[in-house]
Amino acid sequence: MAEPTMSGRQRIRDLRQFLLYLGSAMTAAGEAVNQIEERLCRVAAVYGAPDARVSVLPTYLVVALEPGRSATLEPTRQLRGSLRLDQTAAVYDLLKAAERGEVAPADGSRRISEIVAMTPRFRPVAQVAGHAVLAGGICLILEASWTDLLLSALFGALVGTFKLIGARWTSVQMIMPVTAAFSVTASTLLLAGTGWAEVDLRALVAPLATFLPGAMLTMAVVEVSAAALVTGSSRLVAGILQLLLLAFGIIGAAQLVGLPPAVAAAVVPPDAVNVWAPWFGPLVMGLGTYLVQSGPRRTLGWLCLVLYAGWIGQYLGDLVLGSYLSGFCGAVLLTVVAYLVERRPSGPPALVSFLPGFWLLVPGALSLIGMTEYLSRNEVRGAEDLLGATTSMVAVALGVLCGHPLYRALVKSLRLAP
């Protein structure tokens with residue numbers, strides 16, 4: 001095989017770097033590794049490398065443009081964790097352009113660097129307010145009382161402040177879930193000890209919603225199902241560790257305050273807001289998520305639509321199949337609607353619109369409650385909730401797996417343009 005010319009070598013280097021940067025950005029966005037590998041190979045084929053090989057692992061990617069040629073490795077941790085919704089949308093817009101061959105690889109690499117450096121769309125005050133709104137929306141869905149709703153909003157603003165402060169120092173980000181859980185729980189239990197408020201663990205979970213690894217846990221199951229065992233197992237361990245950190249903060253605060261942790265049991269209070277509250281929750285959640293995650297422009301309506309699709313699917317699934325399989329129905333409908341929304345000219349990428357929906361579907365609140373009760377020596381109740389959380393997680397993952405082929409079958413049957 002003839003050696004490539006100088007310009008050919010530069011073209012190969014540019015393409016290889018573009019694929020590595022693009023794959024790293026998709027990993028940070030939370031995409032499943034099998035989808036990343038498939039779409040990167042598609043991009044490589046468009047740019048003249050149909051035999052490219054891509055391997056995505058938890059902390060790095062490996063790309064080889066031809067069999068027998070040298071492979072290049074790119075660490076992904078330099079992207080500093082996950083991307084916001086506006087960054088994710090920009091990455092997928094660039095990906096679509098690359099799949100059509102409309103962007104030069106060198107320009108694409110520069111664009112990825114610009115996307116990673118993007119500042120949030122909203123000011124810190126709006127982001128803190130978004131955390132309060134998001135916590136209120138979660139609390140409405142969990143059918144809490146008016147007092148719990150107010151506390152959730154206040155503590156949501158506190159958590160938002162913590163996250164803004166912690167974003168400046170990488171060293172404190174690991175302990176941020178413990179700090180937030182400890183602060184929220186201790187404050188709530190102190191208020192409860194004075195008789196001012198009733199303690200409800202579901203209301204405690206609401207302000208901590210942005211720490212719940214719902215999408216991570218579900219994507220882990222999806223990746224394991226797709227035989228991506230290394231990445232799937234890594235995400236699963238990371239998600240469980242996040243839940244353990246949150247549960248540790250709750251238990252530690254309960255022991256320090258002196259109230260028994262069993263006080264924070266998962267019960268629906270008798271003075272819940274109203275029967276309509278859970279149906280209003282997704283709208284409030286959509287607004288809060290839009291502010292917290294810097295939702296792309298003109299996507300708030302689409303985001304709320306997808307959230308309502310997941311909520312309605314879960315509600316109907318609960319009526320017909322029971323609570324354990326309700327997550328499956330919600331995930332199927334949410335995934336189909338998210339991909340249909342992506343087809344609209346103003347619709348965001350599917351990953352942008354359905355990732356926030358995992359806070360509705362994945363056993364975020366339920367699994368945290370189960371771990372907290374288990375660690376507080378309520379073994380029977382904790383084991384039941386952990387089993388329910390595991391079943392729900394698998395059901396949601398299967399719903400996502402079934403939702404995409406169902407969407408493609410729907411598009412094919414209706415003969416919609418790709």
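Leaving aside its neighbours within four places in sequence, which residues is Val 341 in contact with? Let's start there, and then work outwards. One thing up front: what you have on screen is a predicted model.

So, Val 341. You'll find this residue in helix 14. Setting aside the neighbours within four places in sequence, Val 341 is in contact with Trp 302, Leu 305, Val 306, Gly 347 and Pro 348. Is Val 341 buried or exposed? The relative accessible area of Val 341 is 3%, so this residue counts as buried. Here's another way to look at the same spot: Val 341 and Leu 303 are 38 residues apart in sequence, yet 9.2 Å apart in space, going from C-alpha to C-alpha.

Okay, let's zoom out to the whole chain. The protein chain has 418 residues, and 52% of them count as buried. Its secondary structure comes to 18 helices and 3 strands. If you take contacts between residues at least 6 apart in sequence, 73% of those join residues at least 24 apart. As for the outside, the accessible surface is about 19,000 Å², and carbon and sulfur atoms account for 63% of that.

Now into the nonpolar cores. The largest one has 79 residues, and the members that touch the most other members are Leu 22 and Phe 354. Which helix gives this core its largest share? That's helix 1, residues 6-29, with 9 residues. Have a look at Leu 22: not counting residues up to four places away in sequence, Leu 22 touches Leu 40, Val 43, Val 91, Leu 95 and Ile 112. There is also a second, separate core, this one of 16 residues, and among them are Val 159, Val 184, Leu 208 and Ile 250.

Next up, the aromatic rings. How many aromatic pairs does a search of the whole structure find? The count is 5. I'll show you two of them. In one, Trp 279 and Trp 311 meet edge-to-face, with 6.2 Å between centres and 80° between the planes. Trp 279 belongs to helix 12 (residues 277-292) and Trp 311 to helix 13 (residues 300-321), so this pair ties together parts that are 32 residues apart in sequence. How accessible are the two partners? Trp 279 is partly exposed, at a relative accessible area of 33%, whereas Trp 311 has 12% relative accessibility and counts as buried.

The other pair is Tyr 339 with Phe 354, and this one is tilted: 6.3 Å centre to centre, with 50° between the planes. This pair also links distant parts of the chain, since Tyr 339 is in helix 14 (residues 323-342) and Phe 354 is in helix 15 (residues 350-354), 15 residues apart. Both of these residues are buried. And you've met Phe 354 already, as one of the residues with the most touching partners in the largest nonpolar core.

Back to the tryptophans for a second: Trp 279 and Trp 311 form one aromatic cluster together with Tyr 315. And while we're on rings, go and find Phe 211. The charged end of Lys 163 sits over the ring of Phe 211, 4.8 Å from the ring's centre.

Last topic: salt bridges. The count comes to 9. Let me walk you through a few. Asp 86 and Arg 84 meet through their side chains, at 3.2 Å from N to O. Are these two buried or exposed? Both are buried.

Now compare Arg 100 and Glu 102, whose side chains form a salt bridge at 2.9 Å, N to O. Arg 100 counts as exposed, at 52% relative accessibility, and Glu 102 is exposed too, with a relative accessible area of 53%.

Then there's Glu 114 with Arg 111, where the closest N and O atoms are 3.5 Å apart. Both sit in helix 4 (residues 105-116), and they are 3 residues apart, so about one helical turn separates them. Glu 114 is partly exposed, at 47% relative accessibility, and Arg 111 is partly exposed as well, at 33%.

Finally, a network: Glu 38, Arg 39, Arg 42 and Glu 99 are linked by salt bridges. That's my tour, so go ahead and click around.

Definitions and conventions. Residues numbered from 1 in each chain as written. Predicted model: local features only at pLDDT ≥ 70, side-chain atom pairs only at ≥ 80, totals over all residues. Heavy atoms only, no water. Phe/Tyr/Trp six-rings, centres within 6.5 Å; stacked < 30°, edge-to-face > 60°. Helix = DSSP H or I, 4+ residues; strand = E, 2+ residues; numbered from the N terminus. Buried < 20%, exposed > 50% of the residue type's maximum accessible area, 1.4 Å probe, protein only. Lys NZ or Arg CZ within 6 Å of the ring centre and 35° of its normal. Core = buried A, V, L, I, M, F, W, Y, C linked by side-chain atoms within 4.5 Å. Contact = heavy atoms within 4.5 Å. Areas by Shrake-Rupley, 256 points an atom, 1.4 Å probe, with all protein chains shown as cover. Salt bridge = Lys/Arg side-chain N within 4 Å of Asp/Glu carboxyl O.
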